[in-house]
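I opened my notebook to look up how these two chains are put together. Here is what I want to go through, one entry at a time.

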Amino acid sequence: MRTESNTLDALMARLADGDRAVFARVFELLWGPIHRLCITLLKNDADAADAAQEAMQKILERASDYDKSRPAMPWAMAIADWECRTLARKHVRRREVDDAGHEQSGEHAEDEFVQRNLTAAAIAALGELSEADRETLIATFWDEAASVSGATLRKRRERALDRLKKTFRRLYGLD
Amino acid sequence: MDSTDLSQLQRRVRWAYELGRLRRALLGVAPVLVIVAVAACVAHRPMSTLWFGLATVSVGAAMLWYGRDPQKAVLPGIAAGLVPLVFAMCANHMHTCGADGCSSLCVPACALGGVVAGLAVASVGNQRKAGPWFWVSASALALLTGAMGCACLGYSGVVGLGLGFGAGMVPGLLRRAFGEKST
């Protein structure tokens, strides 16, 4: 996973420099994750395909602006995420109800979409942490009894949260 | 999506990528338009200046769009070309008078500016250990930028610029050639 991400960063940097030979490989590496993200966010295959295509177009249109000091995948994901939000907002405006058949007000649906988005981002950041940090945070979230307690647990929780914040900032550039 | 749809999407995305680069390239050369406009206002032969300016803008935009070594050569090339351009613009308003009459300083200014530009391009090329495309691209842009001012006395100024530029490049090229041999 890490190697694939490094490969994408290097290829994206070459594409930003104008090396067209890597275009097809960058496309291949991006298409899968972007499409999957759109399916997760929009919960509808047709909408996800539309949003993913738009996102791919925007990502590669801006490939020359890619900042080589930052990882390429979160940057691309942020553009795809924005594209999905835009599509969802359009649907809300047109009062199109999602295929799950929820009859919610437009505002409510958008709130839920944003919440789902944030959850997906937090889960992705959590996946970057160590096993121990993950366990501590999950136990805290579900209010489960951990293997340690008292001051040790508090300290561990504090450190894990700090690392989660740093990972989130590194991946998405914000807190 | 099946493979046909994906390859169609890839073509569309590739087109978007090229358009994105073109847009960026046009934005990148926009400041050169200001230089061309100022040079055309000051020059004695504005039409020649405009033609060379148009060529500079087109070549610069093409290099920025293409990317890689030519893209990296745009800034050093134009910066080096500004030296003969400014020298020629100043020389346009000066002349020397002797027993045989007065003569313009345009050609000597262009030759001198060319030497400085050649030295500058060679120095940047050697410093960056750049490939041949960098040298060719930077030289082309430096000559075109300088030529905007050096067309002051017909094409003799441009020839002077070219000769001066070639002379200025010689030490850098020698350093590169012998430096490569010794490593």
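Before the entries, a term I need: a crossing of two helices is right-handed if the near helix is turned clockwise from the far one by less than a right angle, and left-handed if it is turned anticlockwise. I also remind myself that this is a predicted model.

**Entry 1: a helix pair in chain A**

I tried the term on helix 2 of chain A and helix 4 of chain A, and their crossing is right-handed. I looked up the angle too: the two axes come within 10 Å and cross at roughly 35 degrees. On the helix 2 side of chain A, I noted residues including Leu30(A), Pro33(A), Ile34(A) and Leu37(A). They meet a set in helix 4 of chain A, and among them are Met73(A), Ala76(A), Met77(A) and Asp81(A). Sorted by class, this contact has 14 nonpolar residues, no polar ones and one charged one.

**Entry 2: chain A as a whole**

Next I stepped back. Which secondary structure does chain A have? I found seven helices and zero strands, and the pattern along the sequence reads α-α-α-α-α-α-α. Of the 175 residues in chain A, 26% are buried. I also checked contacts between residues at least 6 apart in sequence: 61% of them in chain A join residues at least 24 apart.

**Entry 3: two domains in chain A**

The domain assignment splits chain A into domain 1 (2-127) and domain 2 (128-175). Where they touch, I noted seven residues from domain 1 of chain A and nine residues from domain 2 of chain A. On the domain 1 side, helix 4 (72-93) and helix 5 (106-127) of chain A each supply at least two residues. Helix 5 of chain A has the largest share there, with five residues. By class, that side of domain 1 has six nonpolar, one polar and no charged residues.

**Entry 4: where chain A meets chain B**

How many residues does each chain bring to the contact? Chain A brings 15 residues and chain B brings 16 residues. On the chain A side, helix 2 (23-42) and helix 3 (45-61) are the elements that give two or more residues. Helix 3 of chain A gives the most, with six residues. The chain A side divides into seven nonpolar, four polar and four charged residues.

I then picked one residue from the other chain. Leu9(B) sits in helix 1 (residues 3-42) of chain B. Leaving aside its neighbours within four places in sequence, Leu9(B) is in contact with Gln53(A) and Met56(A). Is Leu9(B) partly exposed or buried? Leu9(B) has 18 C-beta neighbours inside 10 Å, so it counts as partly exposed; the buried class needs 20 or more.

**Entry 5: the nonpolar cores**

Last, I looked for the cores. A general note to self: in soluble globular proteins, nonpolar side chains tend to be buried together. The largest nonpolar core here has 53 residues, and Ala88(B), Cys110(B), Val121(B) and Ala147(B) touch the most other members. Elements that each supply at least two residues of this core include helix 1, helix 2 (46-66) and strand 3 (152-155) of chain B. Helix 4 of chain B has the largest share of this core, 13 residues. I followed up on Ala147(B): leaving aside neighbours within four places in sequence, Ala147(B) is in contact with Phe52(B), Val158(B) and Leu161(B). A second, separate core has 33 residues, including Phe27(A), Ala51(A), Ala72(A) and Phe113(A).

How values were computed
Residues are numbered from 1 along each chain as its sequence is written. Chains are lettered from A and ligands numbered from 1 in the order in which they are written. This is a predicted model: local features need pLDDT of at least 70, side-chain atom pairs count only at pLDDT 80 or more; totals for chains, interfaces and linings use all residues. Two residues are in contact if their C-beta atoms, placed from the backbone, lie within 7 Å. Helices (H or I, at least four residues) and strands (E, at least two) are DSSP runs, numbered from the N terminus. Ala, Val, Leu, Ile, Met, Phe, Trp, Tyr, Cys and Pro count as nonpolar, Asp, Glu, Lys and Arg as charged, and the others, Gly among them, as polar. Domain bounds come from an automatic or database domain assignment. A residue is buried if 20 or more other C-beta atoms lie within 10 Å of its own, exposed if 12 or fewer, and partly exposed in between; C-beta atoms are placed from the backbone. Axes are lines fitted to C-alpha atoms, for helices over the stretch in contact, and angles run from 0 to 180 degrees between N-to-C directions. A nonpolar core is a set of buried Ala, Val, Leu, Ile, Met, Phe, Trp, Tyr and Cys residues joined through C-beta atoms within 7 Å.
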